[in-house]
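Visitor: Could you take me closely through the surroundings of the ligand, and tell me which element gives the most to the shell around the ligand?

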Amino acid sequence: MPDTDTTGKRWQDMTWEEKREERFQRWLNPANVDFISPEAEKLYKERVTRFIKAIKLEEPDRVPVMLPVEYYPAYYAGGNLKKVMYDYDELRHAWLKFIQEFEMDSFNGASLVFPGKVLDMIDYKIQKWPGHGLVDDAPSQQFVEGEYMPPEEYDDLIRDPADYFMRYFLPRSVGAFEPFRKLGPITPFVSIPVWYVSQFGAPDIQKAYQTLLEAGQEAMKWMGVVIEIGQEALNQGLDLLSCVNEGLTTGIQKVGELFASGEYFLPELIIGAEAMKKALAVLEPAMVGDQAREVVGRVVLGTVEGDMHEIGKTLVGTMLIANGFQVFDIGVDKSAGEFVTAVRENNADIVGASALLTTTMLQQKKLIETLKEANLRDKVKVMVGGAPVTESFAAEIGADGYAEDAISAVDLAFRLIDAPA
Ligand code: B1M
């Protein structure tokens, strides 16, 4: 920290509360950040305020989100850990894509993706990694079991930790340091250092230093990219909907594809859906925003009989609420009769039916027939959607409209009730 605070008070004269407040202020107003837009700056301040409130044990607007993503951005971008460890352009691309497409309040940066080239150059021995003892798409590094510090050396470590690391531990665990074993200890040395310096004339010691110089240069290249990614994360603002559409939805669709091709089984499908539901539960309050406004229309929403898929339907409901509709979400596996009862009880303007299975799509048709039988068809507009449903199917069964996704569902709902969006 600098010597003085923003009000000119000296750091050493401040109480711990003042120091903490000063740190918060600097966090809120970071130096050297060129926000890409006023919106990004606003988002940044909102996020930092969220953390500050949590730290102060005050109530934030919502729980701050930190995603412990580890190496997932590499795979999300279509690559693998080896690619991002060895190719800094790939690392930059994957992490920036992740920052742009996921909504987080805080970002861990890319510094845990260690540079493969540097590790190769110094011959790091304690771990294996993809491209160095492990297959290319191994999801993580692997510890190499070994006794790197035998018990009889503990006293040496305690007596002189720097000497121990330089002459014992590093030569054992990093090939490039191997020749340092024969260096004399530096701690007892006094007076003119000629004898000590003469050790560095030995060819193997010189070679070791040459390797470290080159590895250091390579590490600087990597660090430049890591810093650039961190800076970009600071400069950027993210919007929630693109996080859901390009992030979560793309992810769950991939799960669906893997399930269809037989690579994933039901447990993976369930885990994927649970992850998406949990993520949506976090994002939803922020997407819904301020609800204290006039109701534009009333919508009864549900998933049809025989169908348990709820995520898309819930997302549609969230977006409708966010746009001023009052939504009566009746849940999943609802019969045509249950939809009709809800329409009547809630005097709905629109009834929305979601179907995700080709086998349950026909329940949407049944709903329309049941509404007719109940003499409600003229009083309520019918909107249908879900992955297998199409515009032509909607027209064929006599629905008033079809929407492909949650955003078009909102547009459609406004059109159906003849209200301006
Ligand atoms: Co199931 N499932 N599933 N599943 N599941 C699909 C739909 C499937 C395509 C996967 C596949 O094989 N590729 C396949 C259907 C094949 C078919 O019918 N042709 C399938 C199957 C076969 C099954 C089971 C039969 C599996 C089994 O048991 N052997 C079983 C059926 C259970 C049942 O319903 N009776 C089943 C079960 C499940 C889980 C329970 C494990 C889970 C759902 C968990 C839950 O919802 N709580 C699940 C999931 C997650 C999927 C996939 C992977 C993802 C669905 C999803 O949530 N998408 C799905 C594959 C896929 O769709 N690619 C699949 C994300 C969501 C945001 O998108 O739901 O499309 P979506 O909603 C979008 C739009 O469609 C639209 O807006 C939403 C937002 O953009 N929209 C509307 C949706 N409803 C709308 C309503 C509107 C307007 C727009 O107006 C009213």
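Guide: Helix H12 gives the most to the shell around the ligand, with six residues, where helices and strands are DSSP runs (H or I over at least four residues for a helix, E over at least two for a strand), numbered from the N terminus. This is a predicted model, in which local features need pLDDT of at least 70 and side-chain atom pairs count only at pLDDT 80 or more, whereas totals for chains, interfaces and linings use all residues. Residues are numbered from 1 along each chain as its sequence is written, and side-chain values use heavy atoms, with hydrogens and water left out.

There are 36 residues around the ligand, and those that come nearest are Met 308, His 309, Glu 310, Ser 354 and Thr 358; a residue is counted as near when one of its heavy atoms lies within 4 Å of the molecule. By class, the shell holds 21 nonpolar, 10 polar and five charged residues, with Ala, Val, Leu, Ile, Met, Phe, Trp, Tyr, Cys and Pro taken as nonpolar, Asp, Glu, Lys and Arg as charged, and the others, Gly among them, as polar.

The metal is a natural place to continue. The cobalt atom of the ligand has a single donor from the protein, NE2 of His 309, at 2.3 Å; donors are N, O and S atoms within 2.8 Å of the metal (3.2 Å for Na, K and Ca), and water is not among the atoms, so sites may look incomplete. His 309 itself is placed in the loop between strand S4 (297–304) and helix H13.

Several polar contacts, meaning pairs of N or O atoms within 3.5 Å, also involve the ligand. A polar side-chain atom of Ser 354 lies 2.8 Å from a ligand nitrogen, while a polar backbone atom of Thr 358 is 3.0 Å from a ligand oxygen, and a backbone N or O atom of Ala 387 lies 3.4 Å from an oxygen atom of the ligand. As for the elements that give two or more residues to the shell, they are helices H11 (240–260), H12 (266–288) and H13 (311–322), together with strands S6 (350–354) and S7 (381–385). Taken together, the picture is of a ligand whose cobalt has His 309 as its single protein donor, within a shell to which H12 gives the most.

Notes. A polar contact is a pair of N or O atoms within 3.5 Å; within protein, one must be able to donate a hydrogen and the other to accept it, and residues adjacent in sequence count only if both atoms are side-chain atoms.
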